[in-house]
Amino acid sequence: SPAIRGAETWAFRRAAKVIGVSAALTRFAASLGVPEGRLATVPNGVDGSLYHPRSRAECRAKHGIGPGAKMLLSAGYLVEGKGHHDIVRAVARLRAEGLPVELWIAGGPGREGDFEPAIRAAISSAGLEAVVRMTGAVPALTLAEFMSAADVLCLASYAEGWPNVVHEGMACGVPVVAAAVGGVPEMI
C-alpha cells in the first residue's frame, strides 16, 4: 500500500544501516533511496546440526513412505501466499499425465490466517484425497526428515525474502523447485 511504502521509505532513508537477506531486498531498499554505502546483504543461515542429508530409506520408513513413492513436499504456513493450493493443482496435472506422485503439505496457520479449508477444497476438487497428506505443523527435526525423504521440495510462494525452507531443503540434499521470487533465484 502507499502508506506502507511511505513508511518504509521514511525509515530506510534514516537508518544508519539497512541489511537485506537477499540481493533482491537490498535492491528494493536502494530503490527507496538508501545510499549504497548504508546497504548490506546478509543471507540467513541454516542450522547444520538439524538440516543435513539423512538416509532417505530410513526417513521414508520412519514416516510410512513407500520406497518407490514419488513424494513432493510443500512446507510453510497454510496461508494463500505460500501457494500450496497451486501445488495441489500441479499434482493433479502430473497425475493426469500418468506420473504417480503424492504430495505432503507440512505447516499450520500463519499470521495472515488459516487457508487450510481452501487447500483441502482444492484437494477434494481434484480428487486427490488419497495422495495428499496434510501433516499440520511439525517440529524442525521432523521437517528435516521429510525433506530427506522427499523427491522434490516445492515452493510456490507469491512473495518471499530469503525463504528458509528452500535453504533448509537444499541443506538436506533434496532438489528444490520454486517460484522465482525474492532471493530464490540467488539460492538455487
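1. Let's start with contact range. Among contacts in the chain with a separation of 6 or more, 63% are between residues 24 or more positions apart. Keep in mind that this is a predicted model.

2. Now the overall picture. The chain has eight helices and seven strands. Along the principal axes, its C-alpha atoms fill a box of roughly 55 × 35 × 30 Å. Of the 188 residues, 40% count as buried. The accessible surface comes to about 9,600 Å², and carbon and sulfur atoms hold 58% of that surface.

3. On to the helix pairs, beginning with α4 and α5. Helix α4 covers residues 84–96, and α5 covers residues 116–125. They pack at an angle of about 10°, with their axes 9 Å apart. The angle is under 35 degrees, so α4 counts as roughly parallel to α5. From α4, the residues in the contact are H84, H85 and V88; from α5, they are I119, A122 and I123. Sorted by type, the contact has four nonpolar residues, two polar ones and no charged ones.

4. I123 deserves a closer look, since I'd use it to check the α4/α5 region. This residue lies in helix α5. Is I123 buried or exposed? Its relative accessibility is 6%, which is under the 20% limit, so I123 counts as buried. Leaving aside neighbours within four places in sequence, I123 is in contact with V88, L128, E129, V132 and M134. V88 is a residue of α4 that also appears in the helix contact. As for R133, it is 10 residues from I123 along the chain, and the two C-alpha atoms are separated by 9.8 Å.

5. D114 sits in the loop between β4 (101–106) and α5. At 42% relative accessibility, D114 falls between the 20% and 50% limits and therefore counts as partly exposed. Which residues does D114 touch, not counting those up to four places away in sequence? The answer is L78 and P109. There is also a sequence-versus-space pair worth pulling up in the viewer: D114 and V79 are 35 residues apart in sequence, with a C-alpha to C-alpha distance of 5.7 Å.

6. The other helix pair is α6 (residues 140–149) with α7 (residues 164–172). These two pack at an angle of about 60°, and their axes are 9 Å apart. That angle makes α6 oblique to α7. The crossing is right-handed. On the α6 side, the contact is made by L143, A144, M147 and S148; on the α7 side, by V165, E168, G169 and C172. By type, the residues of this contact divide into five nonpolar, two polar and one charged.

7. Last, P163, in the loop between β6 (152–155) and α7. Its relative accessibility is 4%, so P163 counts as buried. What is P163 in contact with, leaving aside neighbours within four places in sequence? Those partners are L155, V184 and M187. For a distance check, try P163 against V18: they are 145 residues apart along the chain, and their C-alpha atoms are separated by 19 Å.

8. A quick recap of the two helix pairs. For α4 and α5, the arrangement is roughly parallel, with no charged residues in the contact. For α6 and α7, the arrangement is oblique, with one charged residue in the contact.

How values were computed
Residues are numbered from 1 along each chain as its sequence is written. This is a predicted model: local features need pLDDT of at least 70, side-chain atom pairs count only at pLDDT 80 or more; totals for chains, interfaces and linings use all residues. Side-chain values use heavy atoms; hydrogens and water are left out. Axes are lines fitted to C-alpha atoms, for helices over the stretch in contact, and angles run from 0 to 180 degrees between N-to-C directions. Helices (H or I, at least four residues) and strands (E, at least two) are DSSP runs, numbered from the N terminus. Angles under 35 degrees count as roughly parallel, over 145 as roughly antiparallel, 65 to 115 as roughly perpendicular and the rest as oblique. A crossing is left-handed if the near helix is turned anticlockwise from the far one by less than a right angle, and right-handed if clockwise. Contact means heavy atoms within 4.5 Å. Ala, Val, Leu, Ile, Met, Phe, Trp, Tyr, Cys and Pro count as nonpolar, Asp, Glu, Lys and Arg as charged, and the others, Gly among them, as polar. Buried means under 20% relative accessible area, exposed over 50%, partly exposed in between (1.4 Å probe, protein chains only). Accessible areas come from the Shrake-Rupley method with a 1.4 Å probe; for residues, only the protein chains shown count as cover.
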